[in-house]
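Subject: Structure for your review

Dear colleague,

Please find below the structure that I am handing over to you. My findings follow it, grouped by region.

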Amino acid sequence: MTSLLEQPEAPSRPPRPSRRRFWARRALVIGIAVSLVMAVVGLVDRLTTPNTTDVAARPSPTSLPRVATPTDDATSTTSTPTTAAPAAAPGGATEGAPAPETVPPSGGAAPVLTPGLTVAPLQAAGKPVPVVHRVLTFDPVVFITIDDGVTQDPAVAEYLRANDIPVTMFLTEQYMRGGLPFFRSMQAGGAGVAAHSVSHLSLSGKDPATQIREVCEPAADYARDFATPVRYFRPPYGNYDDTTLSAAAGCGMKAVVHWSATLEDAKLQTASGGPLRAGDIVLLHFKPSLLGDLQFLMGQLQALGLRPALLERYLDAANVAP
Ligand SMILES: [Zn+2]
């Protein structure tokens, strides 16, 4: 019995190992559970971390465009240089930008009619309108005029605009018609609009009806197309007669404008044979060489201490002497 009683003692030992197993199993279960939890947490972490790396990865795509942006800028600047490079031409910015200076008349020959400029009265000499070859002024200015309108180079418009160079366009209507947007862009950059006939006909000796048409039709059409009154006419080839002047007076022109210097393919010729002088009216043409000629002219003006001024500003300010 004792043994039997003791036997139970004996089996009482096994529970120890079973308890150990129990705790071992529990520890195992707990361990598995913990590792499961850790695994889940790890998964959640991984799920959330990829999101942040995605977000972090997004800036790198955006940083790629940022890297690409300078390239875009570079391409835009490579496309702009065609127009921008001439803008950086020597002398352009310094010559064109300054506001008009007042040069006090030393002899008193040219009365100051408008603050900032001096100009002598235009001489009509008994004609219906004055014919102007040069502007009598004490200001160190010359007047750039560009004729016809056959070649329309956007680089020219950009160069004049960027350097604030005033010019006056004497437009032949049949050439102007093909490029109104270009000439409007010139006007928006500060260029003045004047008339240079309908068809570039040599007017001297032509009948009044023809001359009136050639002189006055552009004046009316440009007033509409450019929303500005046209007050100055230049006869093609400089050829005119009294009928031309009467026609010009009849449609409200203030003067017929000739020139005192020409510039083409970097060849400058003056009426005096010497260098450009204050008051000279320089004739250029809308030709492929125009941009180069303008840059050449600006270099000449800088060397001579002259600057371009708007012809209309001076002629508008001048009285007309009979
Ligand atoms: Zn012409």
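How many bridges join strand 3 to strand 10, and do the two strands run parallel or antiparallel? Strand 3, residues 141–148, is joined to strand 10 by 5 bridges, and the two run parallel. Please note that this is a predicted model, and that every value below was computed from it.

Strands 3, 8, 9 and 10

Within the pairing of strand 3 with strand 10, F143 has I281 as its bridge partner. Strand 10 covers residues 281–285, and 4 of its 5 residues are buried, so the strand is largely enclosed by the rest of the structure. Strand 10 also pairs with strand 8 (residues 261–264), again in the parallel sense, over 2 bridges. There, A261 has V282 of strand 10 as its bridge partner.

Strand 8 has a further pairing, with strand 9 (residues 267–270), which is antiparallel and comprises 4 bridges. In that pairing L263 stands opposite L268 of strand 9. Strands 8 and 9 form a hairpin with 2 residues between them. One residue of the turn, D265, has a positive phi of about 50 degrees.

Nonpolar core

The largest nonpolar core holds 67 residues. Those that touch the most other members are V142, I144, M169, A195, A255, V256 and V282. V282 is thus both a member of this group and the bridge partner of A261. The element that gives the most to the core is helix 11, with 6 residues.

V256 may be worth viewing in detail. Setting aside neighbours within four places in sequence, V256 is in contact with V129, V131, F233, P235, Y240, T244, L245 and A248. Of these contacts, T244, L245 and A248 are listed among the buried residues of helix 10.

Helices

Helix 10 spans residues 242–250, and its buried residues are T243, T244, L245, A247 and A248. These buried residues pack against helix 9, strand 6 (232–233) and strand 7 (255–257). Just after helix 10 comes G252, with a positive phi of about 80 degrees.

Helix 6 (residues 154–162) packs with helix 11 (residues 290–304) at an angle of about 25 degrees, and their axes are 9 Å apart. Because angles under 35 degrees count as roughly parallel, helix 6 is described as roughly parallel to helix 11. Helix 6 makes the contact through A155, V156 and Y159, and helix 11 through L290, L291 and L294. By class, the contact has 6 nonpolar residues, with no polar and no charged ones.

Positive phi in loops

Two loop residues deserve a separate entry. A125 is not a glycine, yet its phi is positive, near 50 degrees. A125 lies in the loop between strand 1 (122–123) and strand 2 (131–132). With 9 other C-beta atoms within 10 Å, A125 is exposed, because the limit for that class is 12 or fewer.

H200, also not a glycine, has a positive phi of about 60 degrees. H200 is found in the loop between strand 5 (192–195) and helix 9 (208–225). Is H200 exposed or partly exposed? With 19 other C-beta atoms within 10 Å, H200 is partly exposed, because a buried residue needs 20 or more.

Yours sincerely

How values were computed
Residues numbered from 1 in each chain as written. Predicted model: local features only at pLDDT ≥ 70, side-chain atom pairs only at ≥ 80, totals over all residues. Axes fitted to C-alpha atoms, helices over the stretch in contact; angles between N-to-C directions. Parallel < 35°, antiparallel > 145°, perpendicular 65-115°, else oblique. Contact = placed C-beta atoms within 7 Å. Nonpolar A, V, L, I, M, F, W, Y, C, P; charged D, E, K, R; others polar. Core = buried A, V, L, I, M, F, W, Y, C linked by C-beta atoms within 7 Å. Pairing = 2+ DSSP bridges.
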